[in-house]
Amino acid sequence: MAFELRELAVPEDKKIYEMAREIGPGENGFVNSLYTAGYSKFLNLLPVLRDYSSGIDLPPGHVPQTLYFLYADGRPVGYGKLRHRLTDSLLVTGGHIGYCIRPTARRRGYGTALLSGLLGKASELGIDRVLLTCEEGNEGSRRVIENNGGRLAELDNRYCRYWIGLSNVQAAAGRD
Ligand SMILES: CC(C)(COP(=O)(O)OP(=O)(O)OC[C@H]1O[C@@H](n2cnc3c(N)ncnc32)[C@H](O)[C@@H]1OP(=O)(O)O)[C@@H](O)C(=O)NCCC(=O)NCCS
(Lines give C-alpha, C1' and ligand atoms only; values in the text may rest on other atoms or scores of the structure.)
Protein backbone atom coordinates (compact mmCIF):
# COMPACT_ATOMS: atom_id res chain seq x y z
CA MET A 1 0.00 0.00 0.00
CA ALA A 2 1.47 3.38 -1.05
CA PHE A 3 0.58 6.31 1.23
CA GLU A 4 0.99 9.98 0.44
CA LEU A 5 0.23 12.97 2.64
CA ARG A 6 -0.42 16.10 0.60
CA GLU A 7 -1.20 19.66 1.65
CA LEU A 8 -4.36 21.31 0.34
CA ALA A 9 -3.73 23.01 -2.99
CA VAL A 10 -5.50 25.53 -5.20
CA PRO A 11 -6.90 24.23 -7.52
CA GLU A 12 -7.68 20.90 -5.88
CA ASP A 13 -8.36 17.36 -7.11
CA LYS A 14 -12.14 16.84 -7.63
CA LYS A 15 -11.77 13.56 -5.73
CA ILE A 16 -11.30 15.69 -2.60
CA TYR A 17 -14.70 17.28 -3.14
CA GLU A 18 -16.26 13.83 -3.49
CA MET A 19 -14.56 12.68 -0.30
CA ALA A 20 -15.80 15.77 1.56
CA ARG A 21 -19.37 15.03 0.42
CA GLU A 22 -19.05 11.45 1.63
CA ILE A 23 -17.79 12.59 5.04
CA GLY A 24 -20.68 15.01 5.48
CA PRO A 25 -20.74 17.80 8.07
CA GLY A 26 -18.57 15.87 10.54
CA GLU A 27 -18.98 13.74 13.64
CA ASN A 28 -17.59 13.14 17.14
CA GLY A 29 -16.49 16.76 17.41
CA PHE A 30 -14.70 16.74 14.04
CA VAL A 31 -16.03 19.57 11.89
CA ASN A 32 -15.61 18.91 8.17
CA SER A 33 -14.17 22.24 7.00
CA LEU A 34 -14.55 21.13 3.36
CA TYR A 35 -18.27 20.41 3.50
CA THR A 36 -20.13 22.77 1.17
CA ALA A 37 -23.54 22.93 -0.50
CA GLY A 38 -22.08 22.44 -3.98
CA TYR A 39 -18.94 22.24 -6.11
CA SER A 40 -18.70 25.96 -6.90
CA LYS A 41 -18.82 26.80 -3.17
CA PHE A 42 -16.09 24.20 -2.60
CA LEU A 43 -13.90 25.84 -5.25
CA ASN A 44 -14.43 29.26 -3.63
CA LEU A 45 -13.50 27.87 -0.23
CA LEU A 46 -10.11 26.49 -1.27
CA PRO A 47 -8.17 29.79 -1.41
CA VAL A 48 -9.75 30.82 1.90
CA LEU A 49 -8.52 27.65 3.60
CA ARG A 50 -5.13 28.01 1.93
CA ASP A 51 -4.86 31.54 3.36
CA TYR A 52 -5.71 30.27 6.85
CA SER A 53 -2.62 28.09 6.64
CA SER A 54 -0.52 31.24 6.20
CA GLY A 55 -2.41 33.11 8.93
CA ILE A 56 -4.20 35.38 6.42
CA ASP A 57 -7.75 36.62 7.20
CA LEU A 58 -8.24 34.18 10.06
CA PRO A 59 -11.62 34.21 11.82
CA PRO A 60 -11.45 35.86 15.27
CA GLY A 61 -9.76 33.66 17.85
CA HIS A 62 -8.43 31.20 15.25
CA VAL A 63 -4.79 30.25 14.75
CA PRO A 64 -3.14 29.21 11.46
CA GLN A 65 -4.27 25.75 10.41
CA THR A 66 -3.07 23.54 7.52
CA LEU A 67 -5.08 20.75 5.91
CA TYR A 68 -3.41 17.54 4.73
CA PHE A 69 -4.95 14.74 2.67
CA LEU A 70 -4.03 11.10 3.02
CA TYR A 71 -3.96 9.20 -0.27
CA ALA A 72 -3.79 5.41 -0.31
CA ASP A 73 -2.89 3.96 -3.71
CA GLY A 74 -4.00 7.20 -5.36
CA ARG A 75 -7.38 7.49 -3.61
CA PRO A 76 -7.99 10.15 -0.97
CA VAL A 77 -9.12 8.31 2.16
CA GLY A 78 -9.17 11.03 4.78
CA TYR A 79 -7.74 14.31 5.93
CA GLY A 80 -6.42 16.10 8.95
CA LYS A 81 -6.12 19.63 10.25
CA LEU A 82 -2.95 20.79 11.93
CA ARG A 83 -3.24 23.88 14.12
CA HIS A 84 0.07 25.63 14.41
CA ARG A 85 -0.36 26.51 18.07
CA LEU A 86 -2.83 26.15 20.91
CA THR A 87 -5.27 28.67 22.30
CA ASP A 88 -7.06 28.51 25.66
CA SER A 89 -10.06 27.08 23.83
CA LEU A 90 -8.04 24.43 21.90
CA LEU A 91 -6.42 23.41 25.18
CA VAL A 92 -9.86 22.37 26.42
CA THR A 93 -11.17 20.76 23.20
CA GLY A 94 -9.68 20.53 19.76
CA GLY A 95 -5.99 20.30 20.49
CA HIS A 96 -3.39 20.63 17.74
CA ILE A 97 -4.79 18.01 15.36
CA GLY A 98 -8.19 16.85 14.12
CA TYR A 99 -8.70 14.05 11.58
CA CYS A 100 -11.31 12.05 9.75
CA ILE A 101 -11.32 8.98 7.52
CA ARG A 102 -14.08 8.70 4.92
CA PRO A 103 -16.71 6.16 6.04
CA THR A 104 -16.00 3.71 3.18
CA ALA A 105 -12.30 3.52 4.14
CA ARG A 106 -12.46 3.03 7.90
CA ARG A 107 -10.87 0.22 9.95
CA ARG A 108 -8.02 -0.45 7.55
CA GLY A 109 -5.28 1.38 9.45
CA TYR A 110 -5.64 4.67 7.58
CA GLY A 111 -6.54 6.71 10.67
CA THR A 112 -3.37 5.49 12.36
CA ALA A 113 -1.30 6.25 9.24
CA LEU A 114 -2.87 9.70 8.87
CA LEU A 115 -2.08 10.74 12.44
CA SER A 116 1.46 9.42 12.06
CA GLY A 117 1.96 11.65 9.01
CA LEU A 118 0.39 14.65 10.75
CA LEU A 119 2.76 14.23 13.70
CA GLY A 120 5.64 14.41 11.23
CA LYS A 121 4.22 17.70 9.88
CA ALA A 122 3.79 19.03 13.44
CA SER A 123 7.41 18.20 14.13
CA GLU A 124 8.47 20.08 10.98
CA LEU A 125 6.61 23.12 12.35
CA GLY A 126 8.72 22.91 15.51
CA ILE A 127 5.95 21.66 17.80
CA ASP A 128 7.56 19.44 20.43
CA ARG A 129 4.44 18.17 22.21
CA VAL A 130 1.11 17.61 20.49
CA LEU A 131 -2.25 17.76 22.23
CA LEU A 132 -5.10 15.56 20.98
CA THR A 133 -8.57 15.58 22.46
CA CYS A 134 -11.43 13.19 21.84
CA GLU A 135 -14.69 12.04 23.35
CA GLU A 136 -14.32 9.27 25.90
CA GLY A 137 -16.53 6.90 23.88
CA ASN A 138 -14.71 7.42 20.56
CA GLU A 139 -12.90 4.07 20.65
CA GLY A 140 -11.55 4.36 17.12
CA SER A 141 -9.96 7.75 17.70
CA ARG A 142 -8.52 6.69 21.05
CA ARG A 143 -6.89 3.66 19.42
CA VAL A 144 -5.50 5.86 16.63
CA ILE A 145 -3.91 8.15 19.23
CA GLU A 146 -2.61 5.30 21.39
CA ASN A 147 -1.17 3.55 18.29
CA ASN A 148 0.86 6.73 17.78
CA GLY A 149 2.24 6.82 21.31
CA GLY A 150 -0.46 8.96 22.93
CA ARG A 151 -0.64 8.82 26.71
CA LEU A 152 -3.93 9.73 28.38
CA ALA A 153 -3.23 12.77 30.54
CA GLU A 154 -6.76 13.67 31.64
CA LEU A 155 -10.32 12.48 31.37
CA ASP A 156 -12.62 15.31 32.15
CA ASN A 157 -16.30 15.85 31.28
CA ARG A 158 -16.14 12.72 29.08
CA TYR A 159 -13.31 14.30 27.09
CA CYS A 160 -9.91 12.63 26.84
CA ARG A 161 -6.80 14.74 26.59
CA TYR A 162 -3.70 13.01 25.20
CA TRP A 163 -0.20 14.38 24.71
CA ILE A 164 2.38 12.99 22.30
CA GLY A 165 6.02 14.08 22.64
CA LEU A 166 7.69 14.55 19.27
CA SER A 167 11.36 14.20 20.16
CA ASN A 168 11.38 10.67 18.67
CA VAL A 169 9.75 11.90 15.47
CA GLN A 170 12.43 14.62 15.19
CA ALA A 171 15.20 12.12 15.91
CA ALA A 172 13.84 9.73 13.25
CA ALA A 173 13.56 12.58 10.72
CA GLY A 174 17.18 13.49 11.38
CA ARG A 175 18.46 9.96 10.69
CA ASP A 176 19.85 8.99 7.26
C1 LIG B 1 -11.71 7.72 14.33
C2 LIG B 1 -11.33 7.39 12.90
C3 LIG B 1 -10.39 8.48 12.36
C4 LIG B 1 -10.59 6.06 12.88
O5 LIG B 1 -10.12 5.83 11.57
P6 LIG B 1 -9.75 4.36 11.06
O7 LIG B 1 -9.11 4.49 9.74
O8 LIG B 1 -10.94 3.48 11.16
O9 LIG B 1 -8.67 3.93 12.15
P10 LIG B 1 -7.71 2.64 12.09
O11 LIG B 1 -8.17 1.72 11.00
O12 LIG B 1 -6.30 3.14 12.06
O13 LIG B 1 -8.04 1.95 13.47
C14 LIG B 1 -7.25 2.12 14.63
C15 LIG B 1 -7.73 1.16 15.69
O16 LIG B 1 -9.03 1.57 16.14
C17 LIG B 1 -9.96 0.52 16.01
N18 LIG B 1 -11.22 1.10 15.63
C19 LIG B 1 -11.48 1.88 14.55
N20 LIG B 1 -12.76 2.27 14.56
C21 LIG B 1 -13.32 1.72 15.66
C22 LIG B 1 -14.61 1.76 16.22
N23 LIG B 1 -15.62 2.43 15.62
N24 LIG B 1 -14.84 1.08 17.38
C25 LIG B 1 -13.84 0.41 17.99
N26 LIG B 1 -12.57 0.36 17.51
C27 LIG B 1 -12.33 1.00 16.35
C28 LIG B 1 -9.37 -0.36 14.91
O29 LIG B 1 -9.84 -1.68 15.00
C30 LIG B 1 -7.89 -0.27 15.22
O31 LIG B 1 -7.58 -1.10 16.31
P32 LIG B 1 -6.12 -1.73 16.51
O33 LIG B 1 -5.15 -0.62 16.49
O34 LIG B 1 -6.22 -2.40 17.82
O35 LIG B 1 -5.92 -2.65 15.34
C36 LIG B 1 -12.59 7.27 12.00
O37 LIG B 1 -13.50 6.36 12.58
C38 LIG B 1 -13.31 8.58 11.79
O39 LIG B 1 -12.97 9.33 10.88
N40 LIG B 1 -14.32 8.91 12.64
C41 LIG B 1 -15.10 10.12 12.50
C42 LIG B 1 -14.31 11.38 12.84
C43 LIG B 1 -13.64 11.27 14.19
O44 LIG B 1 -14.16 10.67 15.12
N45 LIG B 1 -12.47 11.92 14.26
C46 LIG B 1 -11.73 11.99 15.49
C47 LIG B 1 -12.29 13.10 16.35
S48 LIG B 1 -11.40 13.14 17.90
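This note goes through the ligand, the pocket, the cavity and two backbone details of a predicted model.

1. The ligand and its neighbours. The shell around the ligand is made up of 21 residues, and among them the closest are Y99, I101, R107, G109 and T112. When these shell residues are sorted by class, six are nonpolar, nine are polar and six are charged, so that a student looking at the structure may wish to colour the shell by these classes.

2. Where the shell comes from. Four elements each supply at least two residues of the shell around the ligand, namely the strand β6 (97-101), the helix α4 (110-124), the strand β7 (129-135) and the helix α5 (139-147). The largest share comes from α5, which gives six residues to the shell.

3. Polar side chains beside the ligand. Three side chains can be picked out here, and the reader can find each of them in the structure by its number. An N or O atom in the side chain of N138 is 2.9 Å from an oxygen atom of the ligand, and in the side chain of N147 a polar atom likewise lies 2.9 Å from a ligand oxygen. For R143, the distance between a polar side-chain atom and an oxygen atom of the ligand is 3.0 Å. As for the surface of the ligand, it exposes 930 Å² when taken alone, and the protein buries 75% of that area.

4. The largest pocket. Which pocket does the ligand occupy? The space taken by the ligand is the largest pocket, and this pocket holds about 1,200 Å³ of space. It is lined by 43 residues, of which E27, F30, G98, Y99 and C100 are the closest to its centre. Y99 is thus named both among the residues closest to the ligand and among those closest to the centre of the pocket.

5. The lining of that pocket. By class, the lining has 18 nonpolar and 18 polar residues, together with seven charged ones. Many elements take part, since at least two lining residues are supplied by each of β3 (30-31), α2, β5, α3 (88-92), β6, α4, β7 and α5.

6. The cavity. How many cavities of 30 Å³ or more does a search of the whole structure find? The search finds one, and the largest cavity contains about 40 Å³ of space. Its lining consists of E7, L8, L49, R50, S53, T66 and L67, and the elements that give two or more residues to this lining are α2 (39-53) and β4 (65-72). The most comes from α2, with three residues, while by class the lining of the largest cavity has three nonpolar, two polar and two charged residues.

7. A cis peptide bond. The bond from V10 to P11 deserves a careful look, as it is cis, with omega near 0 degrees. P11 is placed in the loop between the strand β1 (3-7) and the helix α1 (14-23).

8. A positive phi angle. D73 is a residue other than glycine, and its phi has a positive value, near 45 degrees. On the chain, D73 is found in the loop between β4 and β5 (75-83).

Notes
Residues numbered from 1 in each chain as written. Predicted model: local features only at pLDDT ≥ 70, side-chain atom pairs only at ≥ 80, totals over all residues. Heavy atoms only, no water. Near = heavy atom within 4 Å. Polar contact = N/O pair within 3.5 Å; in protein donor to acceptor, adjacent residues only side chain to side chain. Areas by Shrake-Rupley, 256 points an atom, 1.4 Å probe, with all protein chains shown as cover. 1 Å grid on protein atoms, 1.4 Å probe; cavity = no way out; pocket = protein on both sides within 12 Å on 5 of 7 lines; lining within 4 Å. Sits in = over half its atoms within 2 Å of the grid points. Nonpolar A, V, L, I, M, F, W, Y, C, P; charged D, E, K, R; others polar. Points joined across faces, edges and corners; volume = space filled by probe spheres on them.
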